[in-house]
Amino acid sequence: MVDLDELKGRFLNTEFASRDLQLQAEKLVTAAKASGESRSEFIDPCDENFQATPAYLCSISSGQHLPIDFPSLGGIPMDGGKAVERFAPVRPNVPMTVKAHLHDIYDKKGRSGRMIFIVVRTELFDSADTHLANIDSRLVVREKPDT
Amino acid sequence: MSVKTIEDVEFGVELPVFEPDTSLDNVGAFARAVGWGGARFESHEGAREEGFPGALVPGIMGMGFLTSAIHQWAPAGQVEHVDTVFRAPMLADTPAIISAVVTDIDEDEGIVELDMTVKNTKDETRVFGTAKVRLPLG
């Protein structure tokens, strides 16, 4: 059985990936309209407050799911959910930096065994280092039983 | 009925009905826009070849449906935090039922908390979550 405290000590709160990106207005509009969004600030690039929807932000990643030396837990990680916390509008055509670290690791035990949850936090900053948003991705792994 | 300020919000009230477009074309458009284009989200046949019962609706599109419902209900509201759990796959071309209910109101800060679900027509929960929405003070 994997020792979660040991994993936390090795991996939590250590940046493991980063990259630069800029969002494209056209894609923000398409995703917003497909979601049923009707507010101008999300579907009209001419709106002075035009910005990405919370759901669009959840599509942003560092390009790497886990630290390169993170151990295999025996199963394929599944997408268990996403959360987004917004601190400032995220706009297109603005240079931004994405940084990723492991924010939490915890487990839940059931009759079918132990599920391990890994929360990858992706932070979004603009070129002035303003923290724009946090995006949390919960990866769920069903631990392979000891043989 | 929509709300303008925190004073318009009542505890326990359900948000108005929101009917999302889960058609394959629309799901495909969303998937391509977020960079996730491919058989899983754009083709029933292709998704079945990957072992799924049909083309999937991306989980974050479910989140998009929920936040759109919030924005429709509170046109001046800002979704500050939304947390969704992808409990089971949503299928394209299958109706989805969005529901949300007010679970807490902070009138001093102008913050409303909501519990939200996306269900299928069998009343099975596909996505659930919570949101914090900031509304103008009265």
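Begin by selecting chain B, which, read along its sequence, follows the pattern α-α-α-β-α-β-β-β-β-β. The model on display is a predicted one. Colouring chain B by secondary structure should bring out four helices and six strands. Its C-alpha atoms fill a box of roughly 55 × 30 × 20 Å along the principal axes.

Next, select chain A. Here the secondary structure comes to four helices and five strands, and the order from the N terminus on is α-β-α-α-α-β-β-β-β. Along the principal axes, the C-alpha atoms of chain A occupy a box of roughly 60 × 30 × 20 Å.

**Where the chains meet**

Display both chains together and turn to the contact between them. Chain B contributes 29 residues to this contact, and chain A contributes 24 residues. Between them the two chains bury about 2200 Å², with 53% of that area on carbon and sulfur atoms. On the chain B side, select Ala33(B), His71(B) and Phe86(B): these residues lose the most area to chain A, together 23% of what that side buries.

The polar links across the contact may be shown next. There are 15 residue pairs in polar contact between chain B and chain A, counting pairs with both residues at pLDDT 80 or more. Three elements of chain B, namely helix H1 (24-33), helix H4 (59-73) and strand S2, each supply at least two residues of the side that touches chain A. Which of the elements gives the largest share of that side? Select S2(B), for this strand provides nine residues. By class, the residues of chain B that touch chain A comprise 17 nonpolar, nine polar and three charged.

The count of salt bridges between chain B and chain A is one. To find this link, select Arg138(A) and Asp83(B), whose side chains meet at 2.8 Å, N to O.

**The largest pocket**

Keep Arg138(A) and Phe86(B) selected and add Met78(A), Asp79(A) and Gly80(A). Of the 41 residues that line the largest pocket, these five lie nearest its centre. From chain A, the elements giving two or more residues to the lining are strands S2 (78-86), S3 (96-110), S4 (113-126) and S5 (131-142); from chain B, they are helix H2 (39-42) and strands S1 (56-57), S2 (78-86) and S6 (125-134). The space in this pocket is about 1200 Å³.

Which element supplies the largest share of the lining? Highlight S5(A), the source of five residues. If the lining is then coloured by residue class, 24 residues appear as nonpolar, ten as polar and seven as charged.

**Salt bridges in the whole structure**

Finally, widen the selection to all chains, where the structure holds 13 salt bridges. One to examine within chain B joins Arg32(B) and Glu42(B), with the closest N and O atoms 2.4 Å apart. This pair links distant parts of the chain, since Arg32(B) belongs to helix H1 of chain B and Glu42(B) to helix H2 of chain B, ten residues apart.

To close the tour, return to Arg138(A): this residue takes part in the salt bridge with Asp83(B), and Arg138(A) is also among the residues nearest the centre of the largest pocket. Phe86(B) likewise repays a second view, being one of the residues of chain B that lose the most area to chain A and one of those nearest the centre of the pocket.

How values were computed. Residues numbered from 1 in each chain as written. Chains lettered and ligands numbered in written order. Predicted model: local features only at pLDDT ≥ 70, side-chain atom pairs only at ≥ 80, totals over all residues. Heavy atoms only, no water. 1 Å grid on protein atoms, 1.4 Å probe; cavity = no way out; pocket = protein on both sides within 12 Å on 5 of 7 lines; lining within 4 Å. Points joined across faces, edges and corners; volume = space filled by probe spheres on them. Nonpolar A, V, L, I, M, F, W, Y, C, P; charged D, E, K, R; others polar. Contact = heavy atoms within 4.5 Å. Buried area = accessible area lost by both parts, 1.4 Å probe. Salt bridge = Lys/Arg side-chain N within 4 Å of Asp/Glu carboxyl O. Polar contact = N/O pair within 3.5 Å; in protein donor to acceptor, adjacent residues only side chain to side chain.
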